[in-house]
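Welcome, and please open your viewer with the model loaded. We will go from stop to stop, selecting a few residues each time.

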Amino acid sequence: MKSRNISLILLILFVGVLAVSTAVNFMDNEVAAAPSQGTLNIEDSKTHEVRSVHYEASGKCYKVVDGDTIWVEGKIRFVQVNIPERGEPGYHEAKDYVKEKCLGKTVYLDIDDKKHYDKYNRTLAIVYTENLDINRELLNENLAEIMYIPPSEFAKGTV
């Protein structure tokens, strides 16, 4: 009986390790599919101005925490914007907007060169999809307010 229990435990462990290994390989392939650095042409929905932007990292957004925090390979905090907190008016609208634009898609990150992380160890970045500056669009859609986390390469006036 003991031998059978040990065999069953080993089988469960083997299946668990195989599942984790498969998931990690899938995530690595998804992130590797996008170039790590490059340039995008982004259109502002308000002005219809197209501008060229540089990004330093990219990857698949696999979780939206709230309207200004997502998971790519770690937590990403949108710079320049502040979203209502859970329970405040506008929270769900902002989170739903970010889900619609980012979740399951490749996002491109312009990481703040002067301050890479906030006090919660989230990477500070402007988040782009293939054609949108999500940070700016949150402001254009009145889903966010401007907020600066100094020091920042994204000084006032760049939004």
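The tour below starts with the whole chain and then moves to a sheet, some single residues and two hollow spaces.

**Before you click**

This is a predicted model, in which local features need pLDDT of at least 70 and side-chain atom pairs count only at pLDDT 80 or more, while totals for chains, interfaces and linings use all residues. Residues are numbered from 1 along each chain as its sequence is written, and side-chain values use heavy atoms, with hydrogens and water left out.

**Stop 1: the whole chain**

Show the protein chain as a cartoon. It has three helices and ten strands; helices (H or I, at least four residues) and strands (E, at least two) are DSSP runs, numbered from the N terminus. Starting at the N terminus, you will meet the elements in the order α-β-β-β-β-β-β-β-α-β-β-α-β.

How much of the chain is buried? Buried residues make up 38% of its 159 residues. Here buried means under 20% relative accessible area, exposed over 50%, and partly exposed in between, using a 1.4 Å probe and protein chains only.

**Stop 2: the six-stranded sheet**

Now select E3, E8, E9, E6, E5 and E4. In that order they form an open sheet of six strands with mixed pairing. Two strands pair if DSSP finds at least two bridges between them. Strands of a sheet pair through backbone hydrogen bonds, either parallel or antiparallel.

Which strands are at the edges? They are E3 and E4 (63-66), each pairing on one side only.

Color residues 106-111 next. This is strand E8, where five of the six residues are buried. On one side, E8 pairs with E3 (residues 57-60) in the antiparallel sense over four bridges, and alanine 57 stands opposite leucine 109. E8 is also joined by four bridges to E9 (residues 123-128), again running antiparallel; there, look for tyrosine 108 with its bridge partner, tyrosine 128.

Move on to the edge strand E4. Three bridges join E4 to E5 (residues 69-71), and the two run antiparallel. Show lysine 63 and you will find it opposite tryptophan 71 in E5. Then add residues 91-102, which are helix H2: this helix packs on the sheet and touches E4, E5, E6 (75-78), E8 and E9. The direction of H2 makes about 160° with that of E4; axes are lines fitted to C-alpha atoms, for helices over the stretch in contact, and angles run from 0 to 180 degrees between N-to-C directions.

**Stop 3: threonine 69**

Stay in E5 and select threonine 69. Is this residue buried or exposed? Threonine 69 counts as buried because its relative accessibility is 2%. Leaving aside neighbours within four places in sequence, it is in contact with Val64, Lys75, Ile76, Arg77, Phe78 and Arg122. Contact means heavy atoms within 4.5 Å.

**Stop 4: two loop residues**

Select histidine 48, in the loop between E1 (38-43) and E2 (50-55). Histidine 48 has a positive phi of about 60° although it is not a glycine, and it is exposed, with a relative accessible area of 53%.

Then select asparagine 142, in the loop between helix H3 (134-140) and E10. Its phi is also positive, near 55°, and asparagine 142 is exposed at 69% relative accessible area.

**Stop 5: a pocket and a cavity**

On a 1 Å grid over the protein atoms alone, a cavity is a set of points where a 1.4 Å probe fits but cannot get out, and a pocket is an open set with protein on both sides within 12 Å along at least five of seven lines; lining residues have an atom within 4 Å of a point. Grid points are joined across faces, edges and corners, and a volume is the space filled by probe spheres set on the points.

The largest pocket has a volume of about 200 Å³. Of its 13 lining residues, select Arg77, Asp118, Tyr120, Arg122 and Met147, which lie nearest its centre.

The largest cavity has a volume of about 30 Å³. Select its lining: Val79, Gln80, Asp112, Leu124, Tyr148, Ile149 and Ser152.

**Last stop: tyrosine 148**

Keep tyrosine 148 from that lining. This residue lies in the segment after E10 (145-146) and is partly exposed, with a relative accessible area of 24%. Finally, add asparagine 82: the two are 66 residues apart in sequence and 8.7 Å apart in space, C-alpha to C-alpha.
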